[in-house]
Amino acid sequence: MDFPSFEELLELAKNNPESLERLRQRLIDQTIRQAPLNDQRRLRGLQFQIDAQRQIASNPMAACLKISKMMHESLSDLRSFLQPDDSQKMVPR
C-alpha cells in the first residue's frame, strides 16, 4: 500500500476523519502482520494499550502525551536492562 502524502493526510483529517481512522487501522494491521509471528501477539497487545489511551484521553494532545510517556518508560526499562545500575533493582513491568 502506498502511503499518502502529508497533504492527502491533512485533507482526510479535515474532511473525512473516518477514512483517516480506517487508513490508520489498516496500516497498523498491515505492519503487525509483516512482523515475525512470535512478535505479533505482543504488538497487538501494545496496540491495544495505545488505542485505549487514545480513547480515554480528553483530547488528541493528551493522548499524544500519554503515549509518549509510555514510550519513554519502555525505553527507560530497556536502558536499565541493558545497562543495569547496582543501586537499582530491575523490576519488569
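The following questions and answers concern helix packing and salt bridges in a predicted model.

In this predicted model, local features need pLDDT of at least 70 and side-chain atom pairs count only at pLDDT 80 or more, while totals for chains, interfaces and linings use all residues. Residues are numbered from 1 along each chain as its sequence is written, and side-chain values use heavy atoms, with hydrogens and water left out.

Me: At what angle do helix 2 and helix 3 pack?
Reply: Helices are DSSP runs of H or I with at least four residues, numbered from the N terminus. Helix 2 covers residues 17-34 and helix 3 residues 37-56, with their axes 9 Å apart. Axes are lines fitted to C-alpha atoms over the stretch in contact, and angles run from 0 to 180 degrees between N-to-C directions. The packing angle is about 155°.

Me: Which parts does the salt bridge of D51 and R24 tie together?
Reply: A salt bridge is a side-chain nitrogen of Lys or Arg within 4 Å of a carboxyl oxygen of Asp or Glu. The side chains of D51 and R24 meet at 3.4 Å, N to O. The two residues are 27 apart in sequence, and the pair ties together helix 3 and helix 2.

Me: Is D29, the partner of R44, buried, partly exposed or exposed?
Reply: R44 and D29 form a salt bridge, their closest N and O atoms being 3.0 Å apart. Buried means under 20% relative accessible area, exposed over 50%, and partly exposed in between (1.4 Å probe, protein chains only). With a relative accessible area of 28%, D29 is partly exposed.

Me: In which helix do K69 and E73 lie?
Reply: Their side chains meet in a salt bridge at 3.9 Å, N to O. K69 and E73 are four residues apart, about one turn of the helix, and both lie in helix 4.
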